[in-house]
Amino acid sequence: MMESYKPILYTLRPTIQNYDWGSTNPESFIRNFLKKLQTLSYDEDQPIAELWMGAHKKSPSSVYPVIIDEAYINFIKEESLDKMIHNYPQHFLGKQLLNKNISKLPFLFKILDIEKPLSIQAHPDKTLAQILHKKDPINYPDDNHKPELAICINDFEAMVGFRTMEEIMNFIKTYQLEEFFPFLNNIKENELIKEIYKYILTLDKENLENLVNKIFFILNTNSPDPIRDQWFYKLAHYYGVHDPGIICIYL
């Protein structure tokens, strides 16, 4: 591609992510979009969770010029977007990002089709993300901090942040779970949420099952928190009694 001329418009081909929580509905948003696109093949038997438009190294989109003039442009086939950004950073990113020493596309645009609740994720800040990625790249494959902006195009529910300590302690008392948290009186108040959360996530299967069954026992005769109780039943149905994530709906 000559530096004197580059196309302004490109066709971008997205990529598909087949996570377990994705939609299997033949009329889902992404499947209907793909039917109209008609240029991206996919396995109809797999759940389709996300459509990615970006340059993430795991699954970069591809691009090709809308207007092809072989006298000026020496690529007429698709090329991955991350490769094109690497080869022509100023053209694809612009001077402002390059002047900030940003040489990669600084965001990933996704469309999600959610059929089941998503897994719990930890998003560290940028500095910690780089440290964790360097130390443990298998469990932390990305060195980015991943702040997220979600725009809902259909009904959507999400847990945002932790409840207050007062609400969490009230949950433990109302659901008669004090026996499972014998350490509460020995922890500093500003450490309680962290210790309760860590305790639940690291419980062995037997004690976790006992804790879940105690909640079910309470719910058989009462529903102290109808919205969360309803989600607790759903999460248990999807992921079973040995997944500590189902209790996090109360935290």
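# Cores, rings and strands

User: Which residues have the most contacts inside the largest nonpolar core?

Analyst: L177, F181, I196 and F232 do, in a core of 31 residues. The model is predicted: local features need pLDDT of at least 70, side-chain atom pairs count only at pLDDT 80 or more, and totals for chains, interfaces and linings use all residues. Residues are numbered from 1 along each chain as its sequence is written, and side-chain values use heavy atoms, with hydrogens and water left out.

User: What makes a set of residues a nonpolar core?

Analyst: The members are buried Ala, Val, Leu, Ile, Met, Phe, Trp, Tyr and Cys residues, joined through side-chain atoms within 4.5 Å. Here α6, α7, α8 and α9 each supply at least two residues. The largest share, 7 residues, comes from α8. These labels follow DSSP runs, numbered from the N terminus: helices are H or I, at least four residues, and strands are E, at least two. Apart from this core lies another, of 8 residues, among them I16, L51, M53 and I111.

User: Why is F181 called buried or exposed?

Analyst: Its relative accessibility is 3%. Buried means under 20% relative accessible area, exposed over 50%, and partly exposed in between, with a 1.4 Å probe on protein chains only. The value falls under the first limit, so F181 counts as buried.

User: And what is Y199 called, and why?

Analyst: Y199 has a relative accessible area of 23%. That lies between the two limits, so Y199 is partly exposed.

User: How many aromatic pairs does a search of the whole structure find?

Analyst: There are 13. Rings of Phe, Tyr and Trp (its six-membered ring) pair if their centres lie within 6.5 Å; planes under 30 degrees apart are stacked, over 60 edge-to-face, and the rest tilted. F181 and Y199 are one such pair, at 5.3 Å centre to centre with 55° between the planes. The distance passes and the angle is in the middle range, so the pair is tilted. F181 lies in the loop between α6 (165–174) and α7 (192–201) and Y199 in helix α7, so the pair ties together parts 18 residues apart in sequence.

User: Why are F216 and F232 called tilted?

Analyst: Their centres are 5.1 Å apart and their planes 55° apart. Neither the stacked nor the edge-to-face limit is met, so tilted is the label. F216 sits in helix α8 (residues 205–219) and F232 in helix α9 (residues 226–239), 16 residues apart. Both F216 and F232 are buried. Ring pairs also link F216 and F232 with F171, Y175, Y233 and Y250 into a cluster.

User: What is F232 in contact with, leaving aside neighbours within four places in sequence?

Analyst: Contact means heavy atoms within 4.5 Å. The partners of F232 are V212, I215, F216, L219, I246, I247, I249 and Y250.

User: What makes K234 a charge over the ring of W231?

Analyst: K234 lies over the face of W231, at 4.3 Å from the ring centre. The rule asks for NZ of Lys or CZ of Arg within 6 Å of the centre and within 35 degrees of the ring normal. The distance is inside the limit.

User: How do you know that β1 and β4 pair?

Analyst: DSSP must find at least two bridges between two strands. β1 and β4 (residues 62–65) have 4, in the antiparallel sense, so they pair. One bridge joins Y10 to P65 in β4. The 3 strands of this open sheet are ordered β1-β4-β5. β1 (10–13) and β5 (79–80) are its edges, each pairing on one side only.

User: Which strands does β3 join, and by how many bridges?

Analyst: β2 (residues 15–17) runs antiparallel to β3, with 3 bridges. β6 (residues 109–112) also runs antiparallel to β3, with 4 bridges. I16 stands opposite L51 in β3, and E50 stands opposite L112 in β6. E50 and W52 point one way from β3 (residues 50–53), L51 and M53 the other, and all are buried.

User: How confident is the predictor in the protein?

Analyst: pLDDT gives the predictor's confidence in each residue, from 0 to 100. The mean is 90, and 93% of residues reach 70 or more. Among the elements, β4 has the lowest mean, 88, and β3 the highest, 97.
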